[in-house]
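Here's a quick tour of a protein model for someone meeting it for the first time. Have a look at the sequence and the fold, then read on.

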Amino acid sequence: MRKFFTLIIVLIIGAVMAGCDGKRHEDFFDTRQVTIGSNTYNYRVFVPKSRQPGEKLPVMLYLHGSGARGESNEAQVKGFNDYINENPERFTFIIVAPQCRPGTVWTGEMIEQAAAALDQSIAEFNGDDSRVYLSGYSMGGYGVWHMEVLYPNKFAALVPIAGSVKPSSTLVRDEIPPPPPKISALTDSADPYKAFAEELKQKPIWVFHGVRDDAVSVEESRKIVAALKAAGNINVNYTEFENMGHNIVGAAFNELELFEWLGKQKLNK
């Protein structure tokens with residue numbers, strides 16, 4: 001019996017030590033800062049260990065959802081540990097992950113700090129500025145559509161996940177400050193989907209949404225995808241997850257074809 005309990009204790013200690021030695025989600029990401037006006041923002045950046053000296057890698061800017069807002073500089077990268085651990089061969093690009101302050105959304109200075117973090121990371125880590133991708137989930141999905149309109153020559157491809165071109169009532173209530181005039185003109189137009197589609201009809205886009213999403217209706221993605229195709233966008237892809245709701249980030253990043261597709265997208269500079 002004593003040997004049995006000794007074995008159990010050894011196994012527990014071993015499990016605890018393994019957990020301490022294993023990488024947590026934030027361990028994959030370095031910490032950096034960027035300053036906008038008088039405000040300093042922390043952000044996280046992932047650089048693949050396999051990068052060769054002097055190699056120019058693609059870069060993804062990732063805009064998190066509303067639940068990751070704060071100043072911890074950790075919440076926005078939770079989950080990426082699993083994605084990278086499960087499929088390290090897919091994450092051969094740099095990932096830049098800024099964080100929205102509490103009570104804000106991806107507009108105004110939040111968009112500015114994200115763009116600045118991206119530019120700073122491209123410069124520091126020798127990123128390929130012709131292969132920059134923009135992805136975002138939920139609140140960040142809204143941010144993807146809006147940021148592309150504001151920075152039309154920066155991104156080679158867009159990956160909005162469970163978002164919409166039209167801000168939800170929740171985001172409008174929280175939004176500080178209001179969106180730039182160019183975004184307001186599109187969202188307030190008679191047909192916002194058509195208005196955004198005209199702006200983005202040349203851009204490679206892969207949209208993801210869950211059919212059972214009760215936070216942002218799947219109809220939002222269906223409408224913008226239909227409008228993009230009607231506007232002549234021949235490089236728009238759309239994936240619906242039939243039995244899933246709002247939290248589909250892992251499912252989206254588990255799509256092998258997404259990474260193969262991203263690898264083919266490049267800006268002509």
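Ile-111, Ala-114 and Ala-115 of helix H3 meet Gly-143, Met-147 and Leu-150 of helix H4, where a contact means heavy atoms within 4.5 Å. Sorted by class, this contact has five nonpolar residues, one polar and no charged ones. For the sorting, Ala, Val, Leu, Ile, Met, Phe, Trp, Tyr, Cys and Pro are nonpolar, Asp, Glu, Lys and Arg are charged, and the others, Gly among them, are polar. H3 and helix H4 (residues 139-150) cross at about 75°, and their axes sit 11 Å apart. That makes H3 and H4 roughly perpendicular to each other, a label for angles of 65 to 115 degrees. Axes here are lines fitted to C-alpha atoms, for helices over the stretch in contact, with angles running from 0 to 180 degrees between N-to-C directions.

A word on what you're looking at: this is a predicted model, where local features need pLDDT of at least 70, side-chain atom pairs count only at pLDDT 80 or more, and totals for chains, interfaces and linings use all residues. Residues are numbered from 1 along each chain as its sequence is written, and side-chain values use heavy atoms, leaving out hydrogens and water.

The protein has 10 helices and eight strands; these are DSSP runs numbered from the N terminus, with at least four residues for a helix (H or I) and at least two for a strand (E). The eight strands make an open sheet with mixed pairing, in the order E1-E2-E4-E3-E5-E6-E7-E8. Two strands pair if DSSP finds at least two bridges between them. At the edges are strand E1 (29-36) and strand E8 (236-241), each pairing on one side only. On average, neighbouring strands in this sheet are turned by 20° against each other, ignoring direction. Strand E6 (residues 157-161) and strand E7 (residues 205-210) pair in the parallel sense over two bridges, and Ile-161 stands opposite Phe-208 in E7.

Two helices lie across parts of the sheet. H3 (residues 109-124) lies across E1, E2, E3, E4 and E5, at about 125° to E1. Helix H8 (residues 218-230) lies across E7 and E8, at about 160° to E8.

What about the inside? Buried residues make up 50% of the 269 in the protein; buried means under 20% relative accessible area, exposed over 50%, and partly exposed in between (1.4 Å probe, protein chains only). A nonpolar core is a set of buried Ala, Val, Leu, Ile, Met, Phe, Trp, Tyr and Cys residues joined through side-chain atoms within 4.5 Å. The largest one has 48 residues, and Leu-61, Val-96, Trp-145 and Met-147 have the most contacts inside it. H3 supplies the largest share of this core, eight residues. A second, separate core of 33 residues includes Ala-162, Trp-206, Leu-258 and Phe-259.

Finally, two loop residues deserve a look. Most residues other than glycine have a negative phi, but the two below have positive values.

| Residue | Phi | Loop | Relative accessibility |
|---|---|---|---|
| Asn-73 | near 60° | between E3 and helix H2 (80-86) | 5%, buried |
| Asn-126 | near 60° | between H3 and E5 | 27%, partly exposed |

Terms used. Parallel < 35°, antiparallel > 145°, perpendicular 65-115°, else oblique.
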